[in-house]
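Got your viewer open and a selection box ready? Here is a walk through the model, one stop at a time.

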Amino acid sequence: MQKSLHINPDKCTGCLQCEMACSYENYGVFAPAKSRIKVFNFHETGRKVPYTCTQCDEAWCLHACPVEAITVDKMTGAKVVAESTCVGCKVCTISCPFGTINYMQETGKVQKCDLCGGDPACATACPTGAITFVDANWTGLGKMQAWADKLGNQAAA
């Protein structure tokens, strides 16, 4: 069973524990600038929303990479960057419609969420449950159907 990150922005307090856990997991330092997950702060409303790679099925980043540095981890389904293969051309950053692949000046390579090999540090560290790691088949389908029903997706009478 494949799993994916599920983000519930209503539960996010903006504590940045997810960013700290991610940077520590991947670099051994508490440095939000190195995190592969970011918390966006909507200043006008005061809302905080975590966002990271959605590991989309289309995988524009994977298909755009000219050196095939992005591959699919067969165990987790995550699209993973092989730092040893990446040439830092940034084509994947341009192809990602969500802006969740980042160029790291220090290394000259890109980074993106790799689901921490199946145990995402961000989900483990989130004190409010705003970030959870759930069955990929579950993530929001019920919510989408309920929303569609509100918009008139009922059978014709």
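Select K34 and Y27 to begin: the charged end of K34 sits over the ring of Y27, 5.4 Å from the ring's centre. Keep in mind as you look that this is a predicted model. A second place to see a lysine over a ring is K90, which lies over the face of Y103 at 4.3 Å from the ring centre.

**The rings**

Next, show the aromatic side chains. How many aromatic pairs does a search of the whole structure find? The search turns up two. Select Y24 and F30 for the stacked pair, whose centres are 4.7 Å apart with 15° between the planes. Colour these two by accessibility and you will see that Y24 is partly exposed, at a relative accessible area of 44%, while F30 is exposed, at 59%.

Now move to F40 and F42. Why is this pair called edge-to-face? The planes of F40 and F42 stand at 70°, and an angle over 60 degrees counts as edge-to-face; the ring centres are 4.6 Å apart. F40 has a relative accessibility of 39% and counts as partly exposed. F42 is also listed at 39%, and counts as partly exposed.

**Zooming out**

Switch to a cartoon view. The protein has five helices and eight strands, and from the N terminus they follow the order β-α-β-β-α-β-β-α-β-β-α-β-α. Of its 157 residues, 34% count as buried. The accessible surface is about 9500 Å², and carbon and sulfur atoms account for 55% of that. If you draw a contact map, take the contacts between residues at least 6 apart in sequence: 54% of them join residues at least 24 apart.

Colour by pLDDT before going further. The mean for the protein is 90, and 87% of the residues reach 70 or more. Among the elements, helix 4 has the highest mean, 98, and helix 5 (residues 141-150) has the lowest, 62.

**Helix 1 and its cover**

Select residues 17-27, which make up helix 1. Which of its residues are buried? They are C18, E19, A21, C22 and S23. Bring in strand 2 (38-42), helix 4 and strand 8, which are among the elements covering these buried residues. Just after helix 1 comes G28, with a positive phi near 75°.

**The cores**

Show the side chains of L5, C18, I37, L115, C122 and I131. They have the most contacts inside the largest nonpolar core, which contains 16 residues. Helix 1, helix 4 (121-125) and strand 8 (131-135) each give two or more residues to this core. Apart from this core lies another, of 10 residues, including C61, A69, I70 and V110.

Centre the view on I131. Leaving out residues up to four places away in sequence, I131 touches L5, H6, I7, C18, I37, P50, C122, A123 and C126.

One step along the chain is T132, in strand 8. Is T132 buried or exposed? It falls in between: T132 is partly exposed, with a relative accessible area of 28%. Setting aside neighbours within four places in sequence, T132 is in contact with S4, L5, H6 and A123. Add N8 and draw a C-alpha to C-alpha distance: T132 and N8 are 8.4 Å apart in space, with their positions 124 residues apart in sequence.

**Two backbone stops**

Finish with the backbone angles. Most residues other than glycine have a negative phi, so the next two selections are worth a look in a Ramachandran plot. Select A59 first: its phi is positive, about 45°, although A59 is not a glycine. You will find A59 in the loop between strand 3 (47-51) and helix 2 (60-64), and at 3% relative accessibility A59 counts as buried.

Then go to C116, another residue other than glycine with a positive phi, near 50°. C116 sits in the loop between strand 7 (109-111) and helix 4. What is its relative accessible area? C116 has 21%, and is partly exposed because buried means under 20%.

Terms used
Residues are numbered from 1 along each chain as its sequence is written. This is a predicted model: local features need pLDDT of at least 70, side-chain atom pairs count only at pLDDT 80 or more; totals for chains, interfaces and linings use all residues. Side-chain values use heavy atoms; hydrogens and water are left out. A nonpolar core is a set of buried Ala, Val, Leu, Ile, Met, Phe, Trp, Tyr and Cys residues joined through side-chain atoms within 4.5 Å. Buried means under 20% relative accessible area, exposed over 50%, partly exposed in between (1.4 Å probe, protein chains only). Helices (H or I, at least four residues) and strands (E, at least two) are DSSP runs, numbered from the N terminus. Contact means heavy atoms within 4.5 Å. pLDDT is the predictor's confidence in each residue, from 0 to 100. Accessible areas come from the Shrake-Rupley method with a 1.4 Å probe; for residues, only the protein chains shown count as cover. Rings of Phe, Tyr and Trp (its six-membered ring) pair if their centres lie within 6.5 Å; planes under 30 degrees apart count as stacked, over 60 as edge-to-face and the rest as tilted. A charge sits over a ring if NZ of Lys or CZ of Arg is within 6 Å of the ring centre and within 35 degrees of the ring normal.
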